[in-house]
Amino acid sequence: MKVIVWVAEGTWEAAVDAARDLAPAGAGLTLLHVTDEKVAATAHHAYTGLLGRGRRDRDPGVRLEALSQAAAADLLEAAAARLGRDAARQPRRGRLEHEVVRAAEDADLLICARDGARDRLGPRSLAPPTRFVVDHAPCRVLLVWPEPPPGLDSLPPHPPAPPAPR
């Protein structure tokens, strides 16, 4: 069994804990982190467009890329330590939701955590990239709450009944 654990800032502990507790002992685990290129690309384009060209050493996009890579490596290291068993580490760069779906192409299970509203049950408990992943994953998906889930009293009320025909 091949299991991908999506290690995302803010929710990774819950996904790693679920993998540790629920993945079979013989499962091949991969810790996946995706760095969204938009931030570094925006800084790079702002620098080249507004401040000039040719001074790569001053380009903030280059520094942000290096910082992002270091942060991803640190996060994957922390996730591996928390997992407490062998796992491959897969850092990726690109459009977040697309890279997660691509990484799960040959997987049997993708484990990820809810990353939206945490005060109520419902679709807003998933941020748009996570909703995309859940909808498009080519494998089973285990979706976990990063903390205890809200109670059933957080469900929205039923809509009012339509008026009776006359």
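Start with the lining of the largest pocket in this predicted model: by class, 8 nonpolar, 5 polar and 3 charged residues. That makes 16 lining residues, around a volume of about 210 Å³.

To centre the view, select Glu9, His33, Val34, Asp36 and Leu96, which lie nearest the centre of the pocket. Then colour strand S2 (28-35), helix H3 (60-83) and helix H5 (128-136); each of these elements contributes at least two residues to the lining.

Keep Leu96 selected and extend the selection to helix H4, residues 96-103. Is H4 enclosed or exposed? Buried here means under 20% relative accessible area. Of the 8 residues of H4, 6 are buried, so the helix is largely enclosed by the rest of the structure. The buried set is Leu96, Glu97, Glu99, Val100, Val101 and Ala103. Leu96 thus appears twice on this tour, among the residues nearest the pocket centre and among the buried residues of H4.

Next, show what surrounds the helix. The buried residues of H4 pack against strand S1 (2-6), S2, strand S3 (88-93), strand S4 (109-113) and H5. Two of these elements, S2 and H5, also supply residues to the pocket lining.

Last, turn to the enclosed space. How many cavities of 30 Å³ or more does a search of the whole structure find? The search finds 1, and the largest cavity holds about 40 Å³ of space. To see its walls, select Trp6, Ala8, Thr11, Cys112, Ala113, Asp115 and Thr130. By class, this lining has 4 nonpolar, 2 polar and 1 charged residues.

Note on methods. Residues are numbered from 1 along each chain as its sequence is written. This is a predicted model: local features need pLDDT of at least 70, side-chain atom pairs count only at pLDDT 80 or more; totals for chains, interfaces and linings use all residues. Side-chain values use heavy atoms; hydrogens and water are left out. On a 1 Å grid over the protein atoms alone, a cavity is a set of points where a 1.4 Å probe fits but cannot get out, and a pocket is an open set with protein on both sides within 12 Å along at least five of seven lines; lining residues have an atom within 4 Å of a point. Grid points are joined across faces, edges and corners, and a volume is the space filled by probe spheres set on the points. Helices (H or I, at least four residues) and strands (E, at least two) are DSSP runs, numbered from the N terminus. Ala, Val, Leu, Ile, Met, Phe, Trp, Tyr, Cys and Pro count as nonpolar, Asp, Glu, Lys and Arg as charged, and the others, Gly among them, as polar. Buried means under 20% relative accessible area, exposed over 50%, partly exposed in between (1.4 Å probe, protein chains only). Contact means heavy atoms within 4.5 Å.
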